[in-house]
Amino acid sequence: MVKMWEEICEQPAALKRCLETNREVINMLVEALDSHDISSVVIAARGTSDHAGIYGKYVIESTLGIPVALAAPSVVTVYGKSLKLKNSLVIGISQSGKAADVLEIIREGNKQGAITVAITNFNDSPLANEASYHLYTDAGLEKSVAATKTFTTQMYLLANLAAVWAKDADMQQQLSKVPDLVSKTLELSDVIKEKVQRYRYMNECFVLARGMNYSIAMETALKIQETCYIRARAYAVSDFHHGPFAMIDKDMPVILLAPEGPSLKDNEEMIHKLKDAGAELVIFSDKDEILELGTTSFRIPKAGSDLLSPFCNAVVAQMFACNLSLARGLNPDSPRGLSKVTITK
Ligand code: AGP
């Protein structure tokens, strides 16, 4: 069995453990946040960690109404400018904790007296040591180059931080269901293994979603790019109407993440438009009428909210990419030209 698959399957246990590990530090962090007048959140991250940050942006903004910006580290590292971070919560996310550009943003925050937080999978990493608070994903060593369990634990920490910060007991209760939902999603493994065969000669595809699941569309595209060498590109459904739609012709594969929830109406409209244009639709959903519209469909467990459905969609995407990579005769654990740790500045 490849490591990526093993690590995908470890997620229910990793998610449970990561919450237990961080309860106390989240409470301490929220105490500090409550005594500051935080007017914005700035998140710095790369690759998969950046996608967890995009999920965090949607969750924090929709729960607390505090604007969240994704940092452009080059402003500091290439252009040598400083950012006004004093009243911000500055979060750096990095599986390895070694991301040099993310570290610079945390240092910049520290210099200005901001509250800084690192989310990493290594307690003794440069980022964990630099930030004033460390949320440790505690996912166990991730060996596959393709990040999986560190992604969902990063998302889980961000969502739980938002819930505790907002004093939202119902949200915390909902989030406690995530490990079980992920377990149920893993039951799709045989179906996914079988259905990916149809896509083994695919060279390009689009991945679309709206709202909270946009982060998962981005992550799905990245997983497919690095493990399958397919030119996958993600868009928010709303953006796809504004130009990219012109690239659709007959049989173009489009993966759509369309769970029941506030974004379903927009997704449904896009599905019909794509069908009319002859696209090949791969749909992840929990709703019968939507699943019926896909050439290939994967029924995710009923999550009941856009806060939770991204976890199910992320796991389906990971299983899809891993199996597709194997079906193409590739090794998802060691993609060509990549290493586990990539340091950019
Ligand atoms: C993940 O599948 C990728 N291999 C890659 O994008 C990775 O997420 C990125 O290099 C960031 O690494 P970090 O989280 O260790 O900083």
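## Exercises on the ligand site

A polar side-chain atom of lysine 223 lies 3.0 Å from an oxygen atom of the ligand. Keep in mind that this model is predicted.

**Exercise 1.** Find which side chains, besides that of lysine 223, make polar contacts with ligand oxygen atoms, and how much of the ligand the protein covers.

*Solution.* Let's start with the cut-off: a polar contact is a pair of N or O atoms within 3.5 Å. Lysine 223, at 3.0 Å, has one such pair. Next comes serine 94, with a polar side-chain atom 2.7 Å from a ligand oxygen. Then take glutamate 226, where a side-chain N or O atom is 2.4 Å from an oxygen atom of the ligand. As for cover, the ligand on its own has 420 Å² of accessible area, and the protein covers 90% of that.

**Exercise 2.** Describe the shell around the ligand, from its residues up to its domains.

*Solution.* Begin with the residues: there are 15 around the ligand, and Ser49, Ser94, Gln95, Ser96 and Glu226 come nearest. Now sort the shell by class, which gives five nonpolar, seven polar and three charged residues. Moving up to helices, α3 (47–64) and α11 (214–228) each contribute at least two shell residues. At the domain level, domain 1 (3–175) and domain 2 (182–327) each provide at least three.

**Exercise 3.** Place the ligand among the pockets.

*Solution.* Look at the space the ligand takes: this is the largest pocket.

Note on methods
Residues numbered from 1 in each chain as written. Predicted model: local features only at pLDDT ≥ 70, side-chain atom pairs only at ≥ 80, totals over all residues. Heavy atoms only, no water. Near = heavy atom within 4 Å. Polar contact = N/O pair within 3.5 Å; in protein donor to acceptor, adjacent residues only side chain to side chain. Areas by Shrake-Rupley, 256 points an atom, 1.4 Å probe, with all protein chains shown as cover. 1 Å grid on protein atoms, 1.4 Å probe; cavity = no way out; pocket = protein on both sides within 12 Å on 5 of 7 lines; lining within 4 Å. Sits in = over half its atoms within 2 Å of the grid points. Helix = DSSP H or I, 4+ residues; strand = E, 2+ residues; numbered from the N terminus. Nonpolar A, V, L, I, M, F, W, Y, C, P; charged D, E, K, R; others polar. Domains from an automatic or database assignment.
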